[in-house]
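Here are a few short exercises to try with the model open beside you. Have a go at each task before reading its solution.

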Amino acid sequence: MQQAERALLSAALVDNTAIAKAGVLPEHFSDSVGERIWHSVLVIHGRGDPVDPVTLQGDLSDDLEAMRVIGQALQEVGSSANAKAYARAVRTEHKRRELLSIADGLKEDAADRHPNAAAGDAISELVGLSAGD
């Protein structure tokens with residue numbers, strides 16, 4: 001889990017209002033443990049329950065890796081005042097990973113398909129990516 005992701009999680013645990021303001025989805029996280037944690041955060045918050053280490057532990061008690069990451073995030077203590085900036089960094093890095101994935105796909109497609117077809121598909125994906133934010 002990246003530093004901005006841990007800081008966002010920490011800020012959200014300190015101030016639950018940061019969750020709705022973040023505009024971050026589980027798939028914006030860089031790894032599956034971050035996705036699982038943020039999914040639980042959103043589910044708990046969606047139920048109207050407070051999101052804190054106790055409620056997260058109830059949802060993720062069988063996920064030792066997630067519990068370890070939550071512990072790390074709490075030690076870093078991201079400021080809730082900076083939650084919007086952390087969320088923006090998480091979304092930006094997600095977009096960067098998506099862009100790199102499109103570039104990798106284009107490289108593979110260009111070797112196997114007609115260049116116009118490969119370029120057209122890549123352009124469609126890039127337009128979709130740029131429309132996302």
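The exercises below cover a helix packing and some salt bridges. This is a predicted model, in which local features need pLDDT of at least 70, side-chain atom pairs count only at pLDDT 80 or more, and totals for chains, interfaces and linings use all residues. Residues are numbered from 1 along each chain as its sequence is written, and side-chain values use heavy atoms, leaving out hydrogens and water.

**Exercise 1.** Describe how helix 1 packs on helix 6.

Step 1: Find helix 1 at residues 3–14 and helix 6 at residues 83–112; helices are DSSP runs of H or I with at least four residues, numbered from the N terminus.

Step 2: Their axes lie 8 Å apart at an angle of about 145°, where axes are lines fitted to C-alpha atoms over the stretch in contact and angles run from 0 to 180 degrees between N-to-C directions.

Step 3: Look for contacts, meaning heavy atoms within 4.5 Å. Among them, A4 and L8 of helix 1 take part, as do Y86 and V90 of helix 6.

**Exercise 2.** Which residue forms a salt bridge with R36, and is that partner buried or exposed?

Step 1: Search for a side-chain nitrogen of Lys or Arg within 4 Å of a carboxyl oxygen of Asp or Glu. R36 pairs with D63, with the closest N and O atoms 2.5 Å apart.

Step 2: R36 sits in helix 3 and D63 in the loop between helix 4 and helix 5, 27 residues apart.

Step 3: D63 counts as buried because its relative accessibility is 14%; buried means under 20% relative accessible area, exposed over 50%, and partly exposed in between (1.4 Å probe, protein chains only). R36, at 31%, is partly exposed.

Note on methods: Helix = DSSP H or I, 4+ residues; strand = E, 2+ residues; numbered from the N terminus.
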